[in-house]
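Here's a quick briefing to read with the model open beside you. It goes topic by topic, so feel free to jump around.

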Amino acid sequence: MNLYVFRHAHAADINGETILTDEERPLTEKGWHQVDVIAKALQLLQIPLQIVLTSPLKRAKETAEGLCSRLSNLNLEPIVTPKLTPGTASKKVSKMLLGYEEEHVMIVGHEPDLSTHTAWLIGSRKAMIKLPKAGLVCVNCVAPGKGLCELEWLLTPKCLETLMSSNQ
């Protein structure tokens with residue numbers, strides 16, 4: 001399995017008026033731009049996503065929905081799962097992933113969990129991985145379990161912007 005670990009794009013802060021909880025935080029204009037960039041990068045890299053799993057929090061759902069709509073040639077609909085809610089143990093995420101047979105799977109979620117999950121998959125929670133907002137990691141997994149995956153690459157938003165601007 002090629003597992004693509006994608007941190008949600010930039011989101012608004014709680015403002016005490018229209019956004020009252022962390023769960024309600026929507027993407028900002030900058031976040032929607034980041035979704036556009038990642039969709040174009042996935043197309044340029046010819047990544048054949050087969051399934052997109054997302055946290056139920058608004059910013060992650062919007063990121064996943066926006067990405068899927070921009071990758072219309074792949075005919076994807078994101079699947080919302082509570083297993084990607086902040087605080088879920090890596091073993092539970094791994095167990096969830098074992099239920100999918102697809103070769104190209106993306107999860108959309110939150111920090112610090114995604115970095116922790118990625119580190120666990122490649123062998124150690126102590127691995128120093130920092131996934132910025134709208135950052136994307138690819139790990140190749142024999143099976144999604146502790147130490148059974150290999151880090152293929154990590155792309156930051158700045159790297160993605162550079163990649164996209166050099167291909168226009």
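Let's start with empty space: applying the cavity rule to this predicted model turns up one cavity of 30 Å³ or more. Salt bridges come to three in total, and three residues, Asp22, Arg25 and Arg59, are joined in a network of them. There's also a buried glutamate without a salt bridge, Glu62, plus a cis peptide bond between Glu111 and Pro112.

**The cavity**

- The largest cavity has a volume of about 40 Å³.
- Which residues line the largest cavity? They are Lys83, Leu84, Thr85, Thr88, Val93, Gly109, His110, Asp113, Leu114 and His117.
- By type, that lining splits into three nonpolar, five polar and two charged residues.
- Helix H4, which covers residues 113-122, is the top contributor to the lining, giving three residues.
- As background, rolling a probe the size of a water molecule over the atoms shows where empty space is left.

**The salt-bridge network**

- Asp22 pairs with Arg25 in a salt bridge, and their closest N and O atoms sit 3.0 Å apart.
- Asp22 also meets Arg59 in a salt bridge, at 3.1 Å from N to O.
- That second pair links distant parts of the chain: Arg59 belongs to helix H2, while Asp22 is in the loop between strand S1 (2-7) and helix H1 (29-44), 37 residues apart.
- Are the two arginines buried or exposed? Arg25 is buried, with a relative accessible area of 12%, and Arg59 is buried too, at 5%.
- Asp22, their shared partner in the network, is partly exposed, with a relative accessible area of 29%.

**The H1-H2 salt bridge**

- Asp36 and Arg70 bring their side chains together in a salt bridge, 2.3 Å from N to O.
- Asp36 is in helix H1 and Arg70 in helix H2, so this pair ties together parts that are 34 residues apart in sequence.
- Both ends are partly exposed: Asp36 has a relative accessible area of 30%, and Arg70 has 29%.

**A buried acid with no partner**

- Glu62 is found in helix H2, which spans residues 58-70.
- Which side chain of opposite charge is nearest to Glu62, and how far away is it? It's Lys58, 4.2 Å away.
- A salt bridge needs the side-chain nitrogen within 4 Å of a carboxyl oxygen, so Glu62 and Lys58, at 4.2 Å, don't qualify.
- Leaving aside residues up to four places away in sequence, Glu62 touches Pro26, Leu27 and Trp32.

**An exposed loop glutamate**

- Glu101 sits in the loop between helix H3 (90-98) and strand S4 (104-109).
- Unlike Glu62, which is buried, Glu101 is exposed, with a relative accessible area of 77%.
- Glu101 and Leu57 are 44 residues apart along the chain, and their C-alpha atoms are separated by 25 Å.

**Backbone oddities**

- Where is the cis peptide bond? It joins Glu111 and Pro112, with omega at about 5°.
- Pro112 itself is in the loop between S4 and H4.
- Gln46 isn't a glycine, yet its phi is positive, near 55°.
- You'll find Gln46 in the loop between H1 and strand S2 (51-54), where it is exposed at 68% relative accessible area.
- Ala134 is another non-glycine residue with a positive phi, near 65°.
- Ala134 is located in the loop between H4 and strand S5 (136-141).
- Gln46 is exposed, whereas Ala134 is buried, with a relative accessible area of 2%.

Conventions
Residues numbered from 1 in each chain as written. Predicted model: local features only at pLDDT ≥ 70, side-chain atom pairs only at ≥ 80, totals over all residues. Heavy atoms only, no water. Helix = DSSP H or I, 4+ residues; strand = E, 2+ residues; numbered from the N terminus. Buried < 20%, exposed > 50% of the residue type's maximum accessible area, 1.4 Å probe, protein only. Lys, Arg positive; Asp, Glu negative; His and termini not counted. Contact = heavy atoms within 4.5 Å. 1 Å grid on protein atoms, 1.4 Å probe; cavity = no way out; pocket = protein on both sides within 12 Å on 5 of 7 lines; lining within 4 Å. Points joined across faces, edges and corners; volume = space filled by probe spheres on them. Nonpolar A, V, L, I, M, F, W, Y, C, P; charged D, E, K, R; others polar.
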